[in-house]
Amino acid sequence: MDLYSGLPFWIVKNALHDYFRPLEEDLNVEVAIIGSGITGSLVAHELCTAGIECAVFDKRTLSTGSSSASTAQLQYEIDIPLYAMIPMLGEQAAVDAYFASLQSIDRIEEVFGSIGADPDFERVPTVFAAHDKRGLIMLEKEFKARQRAGLPVEFLDKAALWTGYKINGTGALKNDRSAQMDCYKGATEILKYHQKNIRLAIYSPTGIATYNRLRQGYELITDDGNKVKCNYLIIAAGFEAGKFLPKKVMDLNSTYVAISQQVHAELLWPERCLYWNTEEPYYYMRTTKDNRMIIGGEDVSFRDPIKRDLLLRNKTKKLEKRFAKIYPDTPFVVDMAWCGTFSSTKDGLPYIGSWPDDPHMLFALGYGGNGITFSMIAAEVLKNIILGQPDPRVDLFGFERKHLR
């Protein structure tokens, strides 16, 4: 299945990582990681740093799956508001999920600092805006829930939203703990670092055709018939992980993104904040290091790639109109546009850990709008599982979490 169509900006901005090394012989390795996007690369980083032998496999050119189409907005906020999540999970678990996302942004920054890489990681504030009375009521509930939990949040009324950000809305929540980055560059920089310094084995393009469960681990059979034996198998393949799951655990949706031509810096909105709103589905915006503007949204339920792709032109026009409605005095001329498929879950949380009764197949599935922050959490949790170290996040994000039983 095509994960996206159109022309994602990130694989135009960056030189494509020139790497070709398909697996051409049988292999034994402690941990096999399927997927070389931001999730797989962060998992590899945590394992390599802990001294755990691992190898990465991808049927595509490295990191050119969903990661190359990500807008990479790093927010602690989860698609389901905290006030709505509390009745689902219980207050402590919901608050823990939000704090785990908050802490993961700091950890992502630390990861790139530790390897000396700069994937255009930049700290920017987030403005979560409402444009009608219904949205304002929701924000007031959410503000109280976050404030009670001790999360970083500030309430902006209509006047403050206009004065600070030139957004004509009914109100907004703001925090200064968000960030943005170049997801494709981040993933490839991690892989290159560990391949050079710690000899991470990477095999691409190498697809896994099938697999067999062993007494202690797994045997993978590649598309070319080579065998890989591993003690642990980590699935970091996003919604394509379906063939490894006994049952469906997510819904598929398509989102659409447009990026503008470069503009003078003074034309960008104040503080270059991340923006999203209370609509369902919501719109989201960010800027880039070279003074472009990105707007995304117009999400629809996924049916098939052809129908998804046929909507691209029409959805791009709608995104242009939406941007003009938010910032009517800022010129937005589309340079590139794309659409991609993403997964969501009932509670807005990722799936991290093993399927019941199968402790040697581990999943790092950062479903939802916070895929990158969830991926960082998954990388740490799976490392701890393999090392036999307790991690309370296993119960929070695992397949057997209480509220989904």
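**Exercise 1. Contacts of I190**

Task: In this predicted model, find which residues I190 touches, not counting residues up to four places away in sequence.

Solution.
- Step 1. With those sequence neighbours left out, I190 touches S41, L42, H45, V111, F112 and I115.
- Step 2. Place the residue: I190 lies in helix α7.
- Step 3. Judge its exposure. The relative accessible area of I190 is 0%, and buried means under 20%, so I190 is buried.
- Step 4. For a distant point of reference, take K315, which is 125 residues from I190 in sequence. The C-alpha atoms of I190 and K315 are 34 Å apart in space.

**Exercise 2. Helix α7 from end to end**

Task: Check the span of helix α7 (residues 183–197) against 1.5 Å a residue, then state which residues of α7 are buried and what they pack against.

Solution.
- Step 1. The expected span is 1.5 Å times one less than the number of residues. For the 15 residues of α7 this should give 21 Å, and the end C-alpha atoms are 21 Å apart, which agrees.
- Step 2. The buried residues of α7 are C183, Y184, G186, A187, T188, I190, L191 and H194.
- Step 3. These buried residues pack against the helices α1 (10–13), α2 (38–49), α4 (91–115) and α10 (371–387), and against the strands β3 (54–57) and β8 (201–203).
- Step 4. Look at the start of α7: a side-chain oxygen of D182 comes to within 3.2 Å of the backbone nitrogen of Y184.
- Step 5. Beyond the helix, α7 is followed by R199, which has a positive phi near 60 degrees.

**Exercise 3. Helix α10**

Task: Determine how many of the 17 residues of α10 are buried and whether its span agrees or disagrees with 1.5 Å a residue.

Solution.
- Step 1. Of the 17 residues of α10, 15 are buried, so this helix is largely enclosed by the rest of the structure.
- Step 2. The 17 residues should span 24 Å; the end C-alpha atoms of α10 are 24 Å apart, so the two values agree.
- Step 3. After α10 comes G388, with a positive phi near 75 degrees.

**Exercise 4. The packing of α3 and α5**

Task: Describe how helix α3 (residues 82–89) and helix α5 (residues 133–149) pack, and name the residues that meet.

Solution.
- Step 1. Two packed helices are described by the angle between their axes and the distance between the axes.
- Step 2. For α3 and α5 the angle is about 65 degrees, and the axes are 8 Å apart.
- Step 3. Angles of 65 to 115 degrees count as roughly perpendicular, and α3 and α5 are therefore roughly perpendicular to each other.
- Step 4. From α3, the residues L82, Y83 and I86 take part; they meet M138, K141, E142, A145, R146, R148 and A149 in α5.
- Step 5. By class, this contact has six nonpolar and four charged residues, and no polar ones.
- Step 6. Take A149 of α5. Apart from neighbours within four places in sequence, A149 is in contact with L82, V95 and F99. V95 is 54 residues from A149 along the chain, yet their C-alpha atoms are separated by 6.5 Å.

**Exercise 5. Backbone exceptions in loops**

Task: Locate D120 and D357, decide whether D120 and D357 are buried or exposed, and find the cis peptide bonds at P205 and P281.

Solution.
- Step 1. Most residues other than glycine have a negative phi, and most peptide bonds are trans.
- Step 2. D120 is not a glycine, but its phi is positive, about 55 degrees. D120 sits in the loop between α4 and β5 (122–130). With a relative accessible area of 13%, D120 is buried.
- Step 3. D357 also has a positive phi, near 70 degrees. The loop between β17 (351–355) and β18 (358–365) holds D357. At 69% relative accessibility, D357 counts as exposed.
- Step 4. The peptide bond from S204 to P205 is cis, with omega near -5 degrees. P205 is in the loop between β8 and β9 (208–214).
- Step 5. E280 and P281 are joined by a cis peptide bond with omega about -5 degrees. P281 is in the loop between β13 (274–277) and β14.

Methods
Residues are numbered from 1 along each chain as its sequence is written. This is a predicted model: local features need pLDDT of at least 70, side-chain atom pairs count only at pLDDT 80 or more; totals for chains, interfaces and linings use all residues. Side-chain values use heavy atoms; hydrogens and water are left out. Axes are lines fitted to C-alpha atoms, for helices over the stretch in contact, and angles run from 0 to 180 degrees between N-to-C directions. Helices (H or I, at least four residues) and strands (E, at least two) are DSSP runs, numbered from the N terminus. Angles under 35 degrees count as roughly parallel, over 145 as roughly antiparallel, 65 to 115 as roughly perpendicular and the rest as oblique. Contact means heavy atoms within 4.5 Å. Ala, Val, Leu, Ile, Met, Phe, Trp, Tyr, Cys and Pro count as nonpolar, Asp, Glu, Lys and Arg as charged, and the others, Gly among them, as polar. Buried means under 20% relative accessible area, exposed over 50%, partly exposed in between (1.4 Å probe, protein chains only). A polar contact is a pair of N or O atoms within 3.5 Å; within protein, one must be able to donate a hydrogen and the other to accept it, and residues adjacent in sequence count only if both atoms are side-chain atoms.
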